[in-house]
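Please read the following report alongside the sequence and the coordinates. It considers two positions and then turns to the nonpolar interior.

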Amino acid sequence: MAVGSRLKHVIESQQFSRSLLEELLAQADEIKREPHRFSGRLNGRIMAALFYEPSTRTRLSFEAAMLRLGGQTMGTDNAREFSSAAKGETLEDTIRIVSGYADVIVLRHNEEGAARRAAAMSTVPIINAGDGPGQHPTQALLDLYTIREELHRIDGTRIAMVGDLANGRTVRSLTYLLSKFKDIKIWFVAPPPVAMRDDLKAHLTEHNIPWIETEDLDSVLPEVDVVYQTRIQKERGQGHLQNRQPRARLDAQVRDSHAPVAAG
């Protein structure tokens, strides 16, 4: 996907330039200050939410945003069971049809790469709301905004990414976004079976972003500004790791630190 001042589809964090990120953050500030000015911007527009995985917060956040901007929503939850996918219809077939009904499609899917496949078929914009263990770029945009709100900056951020980093799509997307900024340093805190994947570490190295891998959260907490805590992705076959780093201990460690926490 090409990076430019405007994007047709939102598939992955690598699409965003720093200038575009700063423009989006400034726009978010403006909407937050004066929401009434934007209330009718999407009058007459329809958003289709196609969620092949269960979701509450992500789907409702998209629907709330669309409604507040004056648009309308339609869609399906758990589309693997309660859509034509259960009868054998392919994702490409579904997107081809739904893009004729809606002005934008928000897609959550259990397979990595599904959003890119959908974008190749759709005649309307596709927004990736999470594709398996791949990415979740809109969540990462919100996380970036939260970091800036808390620290009043993004450049110079020291952040610990904690938990299931191999399967956590939000941590991947946020790391790609942070790589657009200056003087970033990242600690990946996870046991080896769910350590951050090599492709993202190679990306950081290529862009001269220092990173450290460790299993010792205690040693990292005094060094960081932000702790980004992710859960074990049991739906991706990682439930057996639940006891490697008990959640209660992680929560206690984070509470005792002075770092803001974002939950992926």
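Is Thr175 buried or exposed? In this predicted model, Thr175 has a relative accessible area of 0% and is therefore buried, since that value falls under the 20% cut-off. The residue belongs to helix α7, which covers residues 169-178, and, when its neighbours within four places in sequence are set aside, Thr175 is in contact with Met161, Ile186, Phe188, Leu200 and Leu204.

Glu149, which is found in helix α6 (residues 137-151), counts as partly exposed because its relative accessibility is 34%. Leaving aside neighbours within four places in sequence, Glu149 is in contact with Asp29 and Lys32; Asp29 lies 120 residues from Glu149 along the chain, and the C-alpha atoms of Glu149 and Asp29 are separated by 9.8 Å.

The two positions can be set side by side as follows.

| Residue | Helix | Relative accessible area |
|---|---|---|
| Thr175 | α7 (residues 169-178) | 0%, buried |
| Glu149 | α6 (residues 137-151) | 34%, partly exposed |

The largest nonpolar core has 41 residues, of which Leu144, Ile159, Met161, Leu174, Leu178, Ile186 and Phe188 touch the most other members. Within this list, Met161, Ile186 and Phe188 are also among the contacts of Thr175. Leu144, for its part, touches Leu21, Leu25, Ile154, Leu174, Leu177, Leu178 and Phe181, residues up to four places away in sequence not being counted. Apart from the largest core lies another one, of 16 residues, which includes Tyr52, Leu91, Ile95 and Ala115.

Technical notes: Residues are numbered from 1 along each chain as its sequence is written. This is a predicted model: local features need pLDDT of at least 70, side-chain atom pairs count only at pLDDT 80 or more; totals for chains, interfaces and linings use all residues. Side-chain values use heavy atoms; hydrogens and water are left out. Helices (H or I, at least four residues) and strands (E, at least two) are DSSP runs, numbered from the N terminus. Buried means under 20% relative accessible area, exposed over 50%, partly exposed in between (1.4 Å probe, protein chains only). Contact means heavy atoms within 4.5 Å. A nonpolar core is a set of buried Ala, Val, Leu, Ile, Met, Phe, Trp, Tyr and Cys residues joined through side-chain atoms within 4.5 Å.
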